[in-house]
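Colleague: I should like to understand the reasoning behind the description of this model. Please set each value against the rule that applies to it.

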Amino acid sequence: DNPDLTAFKAALDGIRFHDSQKHLAARSHDYFWYSPILNDQLKDKIGDLLVVPQSVEEVMQVASLIAKYKLPLTLRGGGTGNYGQCVPMNGGVIMDLTRLDKVLEITKGHVRVQAGARISRLDDAAHETGQELLMYPSTRQMATIGGFLAGGSGGIGSLRHGMLRDPGNVSYVKIITVEEDPQVIELHGGDIQKVQHAFGTNGIMVELGLALTPKTDWIHTAALFDGYDRALNFATKAQKDGMDCYLLTAVERRFASYYTKFGDLFPADRDAIFAMVAPDEMDRFTAEAKAQGGRVSFAMTKEKIREAGLQPAYECGWNHTTLQALKVDPGWTYLQVAYPRPFDVDVVMRQMARYGDDIFWHHEMARQDGDIQIFALPLVRYRGKDEMYRLIAELEQTDGCTIFDPHVITIEDGGMKEIDTAQIDFKKRADPYGLMNPGKTRGWTDDMARRDDQHQQGETA
Ligand code: FAD
């Protein structure tokens with residue numbers, strides 16, 4: 001019944017939209033339900049209108065109308081974010097970008113692509129030219145490349161190529177501003193950080209350029225160990241020795257009951273390393289596993305894994321591990337933990353002893369700023385919000401870990417810890433009316449409050 005929304009709808013002039021409750025409900029949520037805290041906060045939020053532009057021109061028309069009618073705008077790719085990034089806090093318009101899905105140009109070492117392209121399609125297109133993406137989230141099948149840049153951080157491949165924000169991984173991003181007369185802004189090099197992990201609060205990405213690397217026919221494999229410390233020692237040594245892997249993820253034995261498809265390939269009395277290993281490194285992988293008292297449980301090409309009805313190794317790590325567990329036991333939630341460098345396996349063993357059945361562990365080998373960086377996304381038995389924050393404080397204070405809190409909706413309270421003034425300054429330019437994804441950045445809310453204060457003080461003076 002909002003007259004501005006009615007006028008907006010009328011002005012769409014042929015641009016595809018949906019306003020049925022069914023469409024709106026399906027497109028107003030993401031994977032925030034991994035967190036009972038976010039679930040309580042977000043489950044009833046819903047947008048008022050879903051628009052599905054088919055071209056950059058239509059995106060620009062929508063951006064112009066949003067600015068004209070001052071409606072909240074929430075962007076959406078695959079909707080696989082974990083922190084309610086796609087949830088419209090104040091209703092308004094949801095823009096689904098998945099029709100902007102063209103792979104524009106693939107050259108040696110580089111791809112230009114529209115932001116709404118699914119990562120799997122993009123990677124498959126790169127494969128046809130003998131190349132592959134440097135990294136992707138474990139949601140490769142559903143997530144879009146724009147959503148990854150705006151909401152993600154790294155994942156499968158980060159072991160080899162670092163995190164998304166490391167220099168050289170993204171070459172440029174094209175942004176549309178939300179103004180009556182929308183502008184196209186192209187960001188290069190370090191300027192890309194202005195919109196990376198900004199949750200779609202400061203401009204609509206429509207196109208980006210990414211580095212590619214020559215394709216490897218990765219072997220999906222698992223090695224089994226009698227002891228999680230042995231598994232971790234194997235993985236960290238493999239990484240230090242520069243073994244050519246695209247994924248090395250350590251998954252402790254208590255997950256075996258959630259990885260049901262693997263049966264005896266991941267038995268309940270062994271801890272596992274799931275990996276994607278270069279074919280010519282398989283002998284070394286097998287020998288090193290043996291040296292740690294382990295053995296290779298299976299080793300298959302991607303095609304063979306599918307034929308066998310198993311998940312690819314990249315769906316056995318990162319946040320897919322949480323998904324596998326939640327399907328069986330909804331009493332779990334999770335945390336995101338970065339370990340101090342250099343990584344010390346004993347810290348993990350102490351944590352396992354300290355938390356017993358309240359936390360199940362898996363660890364991801366990655367690289368950040370050129371250095372080895374180990375992350376964990378442990379399953380945590382949910383015992384209320386206070387207990388969650390007590391645990392976070394303990395992991396930070398006792399073990400020196402950094403927690404990226406997945407139970408909050410703002411950029412600053414989650415991963416980033418502090419207000420990124422460059423992102424906020426860019427928002428003033430790309431979203432001058434503050435319409436994009438309201439409530440997701442404290443930097444903007446604080447800045448508005450400061451401006452209001454200054455304004456009031458000016459009036460009193
Ligand atoms: P969405 O969820 O649709 O959007 C994410 C954010 O980006 C939202 O704030 C949205 O408004 C914004 N956005 C979307 N498109 C645009 C655009 N064109 N312009 C500007 N802003 C935009 N993340 C990782 O980094 N690594 C992982 O390994 C990983 N594993 C995961 C596993 C599971 C099982 C799940 C559920 C999530 C995982 N995630 C991971 C989180 C998430 O999948 C990734 O961040 C993913 O890349 C998001 O892509 P998407 O297209 O689904 O984005």
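Modeller: Two strands count as paired if DSSP finds at least two bridges between them. Please bear in mind that this is a predicted model.

Colleague: What makes strand 11 and strand 13 a pair?

Modeller: Strand 11 (residues 219-225) and strand 13 (residues 271-277) are joined by seven bridges. The rule asks for at least two, so the two strands are paired. They run antiparallel, and L224 stands opposite A272 in strand 13.

Colleague: Why is the sheet called open, and which strands stand at its edges?

Modeller: The sheet has eight strands in the order 14-11-13-12-18-19-16-21, with antiparallel pairing. Strand 14 (295-300) and strand 21 (402-403) each have a single partner strand, so one side of each is left without a neighbour in the sheet. The sheet is described as open.

Colleague: Which helix packs on the sheet, and which strands are touched?

Modeller: Helix 9 (residues 282-291) packs there, touching strand 11, strand 13 and strand 14. The direction of helix 9 makes about 155° with that of strand 14.

Colleague: How do you know which residues surround the ligand?

Modeller: A residue is counted if its C-beta atom, placed from the backbone, lies within 6 Å of the ligand. The shell has 38 residues, and the closest are G77, G147, G151, G152 and G200. Strand 3, helix 6 (145-151), strand 10 (204-214) and helix 11 (318-328) each give two or more residues to this shell. Helix 6 provides the largest share, five residues.

Colleague: What is the make-up of the shell by class?

Modeller: The shell around the ligand has 22 polar, 14 nonpolar and two charged residues. Gly counts as polar, so the closest residues, G77, G147, G151, G152 and G200, belong to the polar class.

Colleague: Which domains are assigned, and how many residues make the contact between domain 1 and domain 2?

Modeller: The assignment gives domain 1 (3-96), domain 2 (103-214 + 414-451) and domain 3 (219-399). Taken over C-alpha atoms, the centres of domain 1 and domain 2 are 19 Å apart. Their contact takes 22 residues from domain 1 and 28 residues from domain 2. On the side of domain 1, helix 4 (56-69) and strand 3 (73-76) give two or more residues, and helix 4 gives the most, with eight residues.

Colleague: How does the radius of gyration of the protein chain stand against that of a compact globule?

Modeller: With 461 residues, a compact globule would have a radius of gyration near 23 Å; the protein chain has 23 Å, so the value agrees with the rule.

Conventions. Residues numbered from 1 in each chain as written. Predicted model: local features only at pLDDT ≥ 70, side-chain atom pairs only at ≥ 80, totals over all residues. Domains from an automatic or database assignment. Contact = placed C-beta atoms within 7 Å. Helix = DSSP H or I, 4+ residues; strand = E, 2+ residues; numbered from the N terminus. Axes fitted to C-alpha atoms, helices over the stretch in contact; angles between N-to-C directions. Rg over C-alpha atoms; globule rule 2.2 N^0.38 Å.
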